Amino acid sequence: MGNRKNGYALSINTPSITLQTFAYIGDVQITADATYQWYAYNDTGWMAVTGATKQYLVVSRDDVAFSKSYMCKMTFNGVEYTSVATI
């Protein structure tokens, strides 16, 4: 895996990558009372990844043809936050 300017790259030596979302209030990381839902972008737009409701998502080379974007929506105290990564 290489962290590139426009995203992340998977290779033969790196068959999967773990995407993870972090959020902070000031200097304190939010570790409880948040909910997560991951989405993958396809031809019709953002689609929820079934069962992907944790702070992280493991993506394998088989999940990504050439390039794919993933988004995590985190909800904390009634406010929704989003983070997007492209592989």
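**Exercise 1. Which residue of β7 stands opposite N42? Find it, then describe how β6 and β7 are joined.**

Keep in mind that you're looking at a predicted model.

Step 1. Start on β6, the strand that covers residues 34–42. Go to N42 and look across: the residue facing N42 in β7 is G45.

Step 2. Now look at the link. β6 and β7 make a hairpin, with 2 residues connecting them.

Step 3. Check the pairing. The two strands run antiparallel, and 4 bridges hold β6 to β7.

**Exercise 2. Work out the strand order of the open sheet that contains β6.**

Step 1. On to the partner β9: 7 bridges link β6 with β9, and this pair is antiparallel. One spot to look at is W38, whose bridge partner in β9 is C72.

Step 2. Stay at C72 and look towards β10, where S83 stands opposite C72. β9 (residues 69–76) and β10 (residues 79–86) run antiparallel, with 8 bridges between them.

Step 3. Put the pairs in a row. You get an open sheet of 4 strands, β7-β6-β9-β10, with antiparallel pairing. At the edges sit β7 and β10, each pairing on one side only. On average, neighbouring strands here are turned by 30° against each other, if you ignore direction.

**Exercise 3. Inspect the turn between β9 and β10, then look for a salt bridge.**

Step 1. The hairpin of β9 and β10 has 2 residues between the strands. In that turn you'll find N77, with a positive phi of about 55°.

Step 2. Now for charges. Side chains of opposite charge can pair when their charged atoms come close. Here, K73 and E80 do this through their side chains, at 4.0 Å from N to O.

Step 3. How many salt bridges turn up in the whole structure? The search finds 1.

Step 4. Is K73 buried, exposed or partly exposed? Its relative accessibility is 23%. Buried needs a value under 20% and exposed one over 50%, so K73 counts as partly exposed.

**Exercise 4. Locate Q55 and list what it touches.**

Step 1. Look in the loop between β7 (45–48) and β8 (56–60): that's where Q55 is.

Step 2. Leave out residues up to four places away in sequence, and the contacts of Q55 are L19, Q20, T21, F22, Q29, Y36 and W38. You've met W38 already, as the bridge partner of C72.

Step 3. Zoom in on T21. Its backbone oxygen lies 2.6 Å from a polar atom in the side chain of Q55.

Note on methods. Residues numbered from 1 in each chain as written. Predicted model: local features only at pLDDT ≥ 70, side-chain atom pairs only at ≥ 80, totals over all residues. Heavy atoms only, no water. Pairing = 2+ DSSP bridges. Polar contact = N/O pair within 3.5 Å; in protein donor to acceptor, adjacent residues only side chain to side chain. Contact = heavy atoms within 4.5 Å. Buried < 20%, exposed > 50% of the residue type's maximum accessible area, 1.4 Å probe, protein only. Axes fitted to C-alpha atoms, helices over the stretch in contact; angles between N-to-C directions.
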